[in-house]
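Take a moment to turn the structure around before reading on. Then let us walk through it together, one part at a time.

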Amino acid sequence: MVEAITPEELADKQDADEEFALLDTRPESSFESWHIHGATNVPFGPEESLSEDDAEAVASMLDGTDEVFTICAKGISSSHFVDELEAHGFENVKVVEGGMEAWSQVYERVPIETSGDAELVQIQRRSKGCLGYLVGSDSEAAAIDVSRHIDEFRDAAAAHGYEITHVFDTHIHADHISGGRRLADELGVPYHLGDRARKRGVEYEYDAIGRNEVVRVGEVDIKAVYTPGHTSEITSYLVNDEAVLTGDTLFVDSIGRTELEFGDEDVGKGAEMQYDSLHKMLMSDPDSVVVLPGHVTVTEDGQFAHGHPAAPIRSTIGDVRRELDVLQLSEAEFVSHLTENVPEKPPNYETVIAINRGVDEPEDEEEATELELGPNRCSAP
Ligand SMILES: [Fe+2]
């Protein structure tokens, strides 16, 4: 019987800076497109056996590291790899239970402080860098940008003593399957999307929220701030005058890309809208307003590009106004910057958008996982 650790235990070890080796047995192409920080690729199939030479190569790679973990897509090949290593005398080798599929479901709940009364919890999906939120007040809460693992949001709300009374999405996401509509349906509460979502062919009923409309949750006002550019319907949510949930319009160290909806030909049109949304809408908020983005960039090596998992990913309007280079550009410079630097497309984004518009559906959990694999790619370079 192969010994295992859970992905959560692996996350804790990462956060504690413990020393260990992590051997990823997936094919090189899968590893290159997405892997856990610090992992080493040792491709190994479920039918393969380890030769004496291979075992020696692994031993020299480990260089005396005491703790060794193996991981693959689902934990099957990597369990077999543990067996093979043990047959060659390796000790203290464990498989990461459920592999990358389970790793993609590791979440952290991070309280966010503001100067006011709203209670905010950032729910971080560690592998992808997706950030969802609970905005709570007086035992009520809104859940915003909910992932498809809706129990993470239900459990977080229960742990904080909130009842979820409203669910919001900032926009039709391209990098992950939203759980917003399903959560709202299960709870029998409104599901809000910007009113322009209808024009993108959304096929289900939702509670359209218009420009500057306010929804009250407990004692807190959540105001829809229309910030098109990343998409045509994207809406930021201003919580009192304490915090603004910016979705993929503004991140703590970058801004959202603008060509996923508008296409490479119309990237300029999206960029012009994005410029206005940033400068006329978001930057007109007071300096003290806390910026809470929909994503944090995850590097090719699997690390948060800014901050650390389980620590708040946040900035303020004043800080981003002063520090973000892209916000120092003139409109013409800004538009050519976005037009000339189009990043790699997120995997499967057209299918993910179709699912989030309600016109397609993943066949099963396996397909949903497959569609979402890899880090988010929502920001402009
Ligand atoms: Fe997005």
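We will begin with the whole chain and then visit some of its strands, a pair of helices and a loop.

Keep in mind that this is a predicted model. The protein chain holds 13 helices and 18 strands. How does its radius of gyration agree with that of a compact globule? For 381 residues such a globule would have a value near 21 Å, and the protein chain has 22 Å, which agrees. Along the principal axes, the C-alpha atoms fill a box of roughly 65 × 45 × 40 Å. Of the 381 residues, 47% are buried. Looking at contacts with a separation of 6 or more, 64% are made by residues 24 or more positions apart.

Let us start near the beginning of the sequence, with strand 2, residues 21–24. Both of its faces are covered. On one side sit A21 and L23, on the other L22 and D24, and all of them are buried. This fits a general pattern: in a regular strand the side chains alternate between the two faces of the sheet. Strand 2 also has two partners to look for. With strand 4, residues 68–71, strand 2 pairs in the parallel sense over four bridges, and there L23 has T70 as its bridge partner. With strand 3, residues 39–41, strand 2 also runs parallel, joined by three bridges; here L22 is matched with A39.

Now move along the chain to an open sheet. Six strands form it in the order 13-14-15-16-17-18, with mixed pairing. Its edges are strand 13 (214–217) and strand 18 (315–316), each of which pairs on one side only. At one edge, strand 13 runs antiparallel to strand 14, residues 220–226, and four bridges join them. One of the pairs to find is V217 with its bridge partner V220 in strand 14.

Strand 16, residues 243–247, is a good place to pause within this sheet, as five of its five residues are buried. A243, L245 and G247 point one way, while V244 and T246 point the other way. Which sense of pairing does strand 16 have with strand 15, parallel or antiparallel? Strand 15 (residues 235–239) and strand 16 pair in the antiparallel sense over three bridges, with Y237 opposite L245. Three residues lie between the strands of this hairpin, and N240 takes a positive phi near 45° there. With strand 17, by contrast, strand 16 pairs in the parallel sense over four bridges, and G247 stands opposite P293.

Next, find two helices that meet. Helix 9 (residues 267–281) and helix 11 (residues 331–340) have axes that come within 9 Å and cross at roughly 135°. The two helices are therefore oblique to each other. Their crossing is right-handed. Helix 9 contributes V267, G268, A271, E272 and Y275 to the contact, and helix 11 contributes E331, F334, V335, L338 and T339.

Our last stop is V298, in the loop between strand 17 (290–293) and strand 18. Is V298 buried or exposed? V298 is buried, because 23 other C-beta atoms lie within 10 Å, and 20 or more are enough to count as buried. Although V298 and S127 are 171 residues apart in sequence, they are 7.8 Å apart in space, C-alpha to C-alpha. Leaving aside neighbours within four places in sequence, V298 has contacts that include K128, G129, F304 and P375.

Technical notes:
Residues numbered from 1 in each chain as written. Predicted model: local features only at pLDDT ≥ 70, side-chain atom pairs only at ≥ 80, totals over all residues. Rg over C-alpha atoms; globule rule 2.2 N^0.38 Å. Buried ≥ 20, exposed ≤ 12 C-beta atoms within 10 Å, placed from the backbone. Contact = placed C-beta atoms within 7 Å. Pairing = 2+ DSSP bridges. Axes fitted to C-alpha atoms, helices over the stretch in contact; angles between N-to-C directions. Parallel < 35°, antiparallel > 145°, perpendicular 65-115°, else oblique. Left-handed = near helix turned anticlockwise from the far one by under 90°.
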